Amino acid sequence: MTPLSFFIYVLIAVLITNVPLVGKYVSVIATLVHEIGHGIAAILFGGRLKQIHLYANTEGMALTTHTDWFSKFITTLAGYIFTSAFGLFSIWMISIDATKLLIFTYLAFLVLTLLLWIRNFYGFIWIISFGGLFLLLLIYATDFYQEQIIYLITCVIFTESIKSAFIIMYLSFKQPQEAGDATSLKEIIKVIPASLWGIFFFIQSLYFGWQGIRLILNQV
């Protein structure tokens, strides 16, 4: 992927994710990555991922259990960081021409989530339809079209990781009691306000985003 094509796909991703209905459907891939991030952190720190819910408005929920407050803290912290890091990972995979492996990575996430964790109706419908599109991509599309689609999905995750972090930062100032993970972290560590967690989430998304851009620029 050249720098020019990357920025074109970023622009297309921004446009698509703002189209009514279609935009929210496509954006749920970033929600899934976010919730998986919570789940992986819970499992790594001794807890469990019990359920994942995905919703048509692009919101999501991971129901996890924890062994102690630190496990809960890391699990709550992980969602936005994992989404940003996964966007960077996807760009890196593209930069080393591992597009096919990246497609299988996405497909593995979809299959594992469907079999083990999805527990709400919209989540089932979304993951079956989106996973079905991936299977059709693998079976019928040429390598060229596989690459174009994976570029676009990667850029959706890339742009949504920054956009969602900005929104949570904005909410952490305007509605600190309804700022998602920032509010939850404030409840865990009471001396740090939700606004600071919101700022942290946005800064880390910019950092990972810049590292992704550097990977693309260094290909020249």
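Student: Leaving aside its neighbours within four places in sequence, which residues is Phe6 in contact with?

Tutor: This is a predicted model, where local features need pLDDT of at least 70 and side-chain atom pairs count only at pLDDT 80 or more, while totals for chains, interfaces and linings use all residues. Residues are numbered from 1 along each chain as its sequence is written, and side-chain values use heavy atoms, with hydrogens and water left out. Take contact as heavy atoms within 4.5 Å. With those sequence neighbours set aside, Phe6 is in contact with Met1, Ile91, Cys155, Phe158, Ile213 and Ile216.

Student: How many residues does the largest nonpolar core have?

Tutor: A nonpolar core is a set of buried Ala, Val, Leu, Ile, Met, Phe, Trp, Tyr and Cys residues joined through side-chain atoms within 4.5 Å; buried means under 20% relative accessible area (1.4 Å probe, protein chains only). Phe6, Ile29, Leu32, Ile52, Tyr106, Trp126 and Phe134 have the most contacts inside the largest one. Its residue count is 42.

Student: And which element gives the most to this core?

Tutor: Helices and strands here are DSSP runs of at least four and at least two residues, numbered from the N terminus. Those giving two or more residues to this core include H1, helix H2 (22–44), strand E1 (48–54), helix H3 (69–95) and helix H4 (99–116). With seven residues, the one that gives the most is H6.

Student: How many residues are in the second, separate core?

Tutor: Look for Leu77, Ala165, Met169 and Ala179, which are among its members. The number of residues in that second core is 16.

Student: Back at the N terminus, at roughly what angle do the axes of H1 and H8 cross?

Tutor: H1 covers residues 3–16 and H8 covers residues 194–217, and their axes come within 9 Å. Pro3, Phe6 and Phe7 of H1 make the contact with Ile213, Ile216 and Leu217 of H8. Those residues divide into six nonpolar, no polar and no charged. The axes cross at roughly 140°.

Student: Why are H3 and H6 called roughly antiparallel?

Tutor: The axes of H3 and H6 come within 9 Å and cross at roughly 155°. Angles over 145 degrees count as roughly antiparallel. Therefore H3 and H6 are roughly antiparallel.

Student: How do the residues of the contact of H3 with H6 divide into nonpolar, polar and charged?

Tutor: On the H3 side you have Tyr80, Thr83, Ser84, Phe86, Gly87, Ser90, Ile91 and Ile94. They meet H6 residues including Ile150, Tyr151, Thr154, Ile157 and Phe158. The split is 10 nonpolar, seven polar and no charged.

Student: What is the relative accessible area of Thr75?

Tutor: Thr75 is found in helix H3. Not counting residues up to four places away in sequence, Thr75 touches His38, Ala41, Ala42, Thr64 and His66. Thr75 is buried, with a relative accessible area of 3%.

Student: Is Thr113 buried or exposed?

Tutor: Thr113 is found in helix H4. Beyond residues up to four places away in sequence, Thr113 touches Leu32, Ile36, Ile52, Ile118 and Ile127. Its relative accessible area is 0%, so Thr113 is buried.

Student: What distance separates the C-alpha atoms of Ala62 and Thr99?

Tutor: Ala62 lies in strand E2 (residues 60–65) and is buried, with a relative accessible area of 19%. Not counting residues up to four places away in sequence, Ala62 touches Glu35, His38, Leu49, Gln51 and Ile52. Ala62 and Thr99 are 37 residues apart along the chain, and their C-alpha atoms are separated by 28 Å.

Conventions. Axes fitted to C-alpha atoms, helices over the stretch in contact; angles between N-to-C directions. Nonpolar A, V, L, I, M, F, W, Y, C, P; charged D, E, K, R; others polar. Buried < 20%, exposed > 50% of the residue type's maximum accessible area, 1.4 Å probe, protein only. Parallel < 35°, antiparallel > 145°, perpendicular 65-115°, else oblique.
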